[in-house]
Every structure is written in C-alpha cells, then in structure tokens.
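Dear colleague,

I am passing on the structure we spoke about, and I would be glad if you opened it beside this message and followed along.

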Amino acid sequence: MAVNRVPVLKRCRSLGMDPIYLGIDKKSNRELKRANRKLSEYGQQLREKQKAKFIYGVLEKPFRNYYAKASKMNGMVGTNLMILLETRLDNVVFRLGFARTRREARQIVGHQHILVNGKRVQIPSYRVKAGDTVEIREKSKSSQRYKDILEVTAGRMVPAWLEADQENLKGVVKELPTRDEIDVPVNETLIVELYSK
C-alpha cells in the first residue's frame with residue numbers, strides 16, 4: 001500500500017501553506033530559499049493540485065478518479081471535486097473533532113473505531129451523505145485516546161454542514177457542504193485547468 005512519508009512541515013513549507021489546515025499547530029522556523037522564483041502557469045496549477053492531494057491525504061490515482069467523478073456530476077467541476085474530497089469519511093471524522101489531524105482520522109477509520117449509521121466502516125475514502133450519523137463505536141468511547149483528542153480539539157470550529165456531539169462522540173452530516181463552507185486554501189479552478197489540457 002502506498003503511503004506518503006514526506007515530513008509534514010517540510011512539505012507545507014515547499015507548498016507555501018500553513019500547517020494549521022492539517023490540524024498541526026507547529027510552525028517551521030526555516031525560510032524557503034527559492035521563494036522569490038516565479039512559477040510558470042503549469043507550475044501554479046501543479047502546486048494547487050499537490051496542495052489538495054496533500055491536505056486530504058490522497059495519492060495521484062485516487063485523486064484522478066475523484067476528478068473524473070466530479071466532471072460527470074452536474075455543476076462546476078472544481079466545486080464538485082472539493083465537495084467529493086470534503087465528504088470523505090476520514091475528513092468528516094477530522095472536521096467533527098474526533099481526530100487531531102486527517103492522518104490520525106484515517107488511522108482511526110482504518111482501525112475500525114467508526115460507525116456510520118450504526119454499521120462499522122473501515123474505508124477512509126467512504127463518501128458520507130446528508131443525514132448520515134458518524135460516531136465512535138461504543139467499545140472505544142471510554143478509551144483515554146479520545147479524551148486526549150477532545151482536549152486538543154475542543155476549541156476547533158465544526159463546520160456548519162456538520163453537527164457534533166462531543167460528549168457522546170457522535171456527529172450528524174446535516175447537508176453536503178457548499179464551496180464557501182470549505183475553508184481549504186486551494187484554487188480548484190487551476191486544478192481543472194491542469195486536468196483539462
């Protein structure tokens with residue numbers, strides 16, 4: 001199984017983005033030496049794609065599949081792509097505050113700690129729908145791990161399209177998100193331009 005093992009802060013620095021979008025509070029003290037170099041149009045498009053892939057923890061082939069699915073849906077392709085990425089189960093677990101980072105959320109899902117509508121789901125890329133209930137399974141709720149996680153994520157804002165019950169480790173997807181509700185620093189129009197070449 002392919003895993004991205006690039007150091008997070010180093011990757012954030014090279015992509016010119018803040019690690020806070022990944023749920024990491026650390027800051028890198030180093031400055032990027034080649035920051036003054038001008039990027040070509042293709043370079044800017046590629047950087048936006050790499051940003052989206054890195055933030056959501058998706059590799060190239062699945063990302064291309066998301067793009068193909070988004071292009072078949074009604075509406076704008078870029079917006080559809082961002083909604084597809086945002087409604088992944090691992091991202092929803094992160095957004096509800098049941099994990100400190102998306103990588104941790106992916107691990108929690110993979111270790112079968114998550115129930116969707118009462119059924120165990122262990123696929124991080126599972127797409128949630130409006131009305132779905134996402135919760136930590138009963139056996140894991142008493143675990144010290146989740147008490148520690150909730151301490152860290154208590155101040156984090158839960159998006160308007162989700163409803164979180166922190167005490168019972170439960171959340172509801174009220175509706176699918178709109179592009180305005182997705183606070184990820186990615187310009188999806190550049191990704192569409194890149195793939196439509």
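Below I go through some packed helices and then two residues in loops.

Please keep in mind throughout that this is a predicted model.

Helix H2 is a good place to begin. This helix covers residues 41–56, which makes 16 residues, and it reaches 23 Å from its first C-alpha to its last, close to the 22 Å expected at 1.5 Å a residue. Its buried residues are Gly43, Gln45, Glu48, Lys49, Lys51, Ala52, Lys53, Phe54, Ile55 and Tyr56, and you will notice that charged side chains such as those of Glu48 and Lys49 are on that list. These buried residues pack against helices H1 (8–15), H3, H4, H5 (89–96), H6 (102–110) and H9 (188–195). Just after H2 comes glycine 57, with a positive phi near 70°.

One of those partners, H9, is itself mostly covered, since six of its eight residues are buried. The buried ones are Glu188, Leu190, Ile191, Val192, Leu194 and Tyr195, and they pack against H2, H3 and H4.

Two pairs of helices deserve a slower look. In general, two packed helices are described by the angle between their axes and the distance between the axes. For H3 (residues 60–72) and H4 (residues 77–86), the axes come within 8 Å and cross at roughly 125°, which makes H3 oblique to H4. The crossing of H3 past H4 is right-handed. On the H3 side, the contact is formed by Phe63, Tyr66, Tyr67, Lys69, Ala70 and Ser71, and these meet Val77, Asn80, Leu81, Leu84 and Leu85 of H4. Sorted by type, the residues of this contact are eight nonpolar, two polar and one charged.

The second pair is H5 and H6, which pack at an angle of about 115° with their axes 8 Å apart, and here too H5 passes H6 in a right-handed crossing. From H5, the residues Leu89, Asp90, Asn91, Val93, Phe94 and Arg95 meet Arg102, Ala105, Arg106 and Val109 of H6. The residues of this contact divide into five nonpolar, one polar and four charged.

Finally, there are two loop residues to find. Most residues other than glycine have a negative phi, and most peptide bonds are trans. Asparagine 117, however, has a positive phi, near 55°, and leucine 169 has a positive phi as well, near 50°.

Where in the chain is asparagine 117 found? It lies in the loop between strand E1 (114–116) and strand E2 (119–120). Apart from its neighbours within four places in sequence, asparagine 117 is in contact with Gly131, Asp132 and Thr133. Its C-alpha atom is separated by 16 Å from that of leucine 176, a residue 59 places away along the chain.

Leucine 169, in turn, is found in the loop between strand E4 (162–165) and strand E5 (170–173).

Are these two residues buried, partly exposed or exposed? Asparagine 117 has a relative accessibility of 44%, and it therefore counts as partly exposed. Leucine 169 has a relative accessibility of 4%, and so it counts as buried, the cut-off for that being under 20%.

With best wishes

Terms used. Residues are numbered from 1 along each chain as its sequence is written. This is a predicted model: local features need pLDDT of at least 70, side-chain atom pairs count only at pLDDT 80 or more; totals for chains, interfaces and linings use all residues. Side-chain values use heavy atoms; hydrogens and water are left out. Axes are lines fitted to C-alpha atoms, for helices over the stretch in contact, and angles run from 0 to 180 degrees between N-to-C directions. Helices (H or I, at least four residues) and strands (E, at least two) are DSSP runs, numbered from the N terminus. Angles under 35 degrees count as roughly parallel, over 145 as roughly antiparallel, 65 to 115 as roughly perpendicular and the rest as oblique. A crossing is left-handed if the near helix is turned anticlockwise from the far one by less than a right angle, and right-handed if clockwise. Contact means heavy atoms within 4.5 Å. The expected span of a helix is 1.5 Å times one less than its number of residues. Buried means under 20% relative accessible area, exposed over 50%, partly exposed in between (1.4 Å probe, protein chains only).
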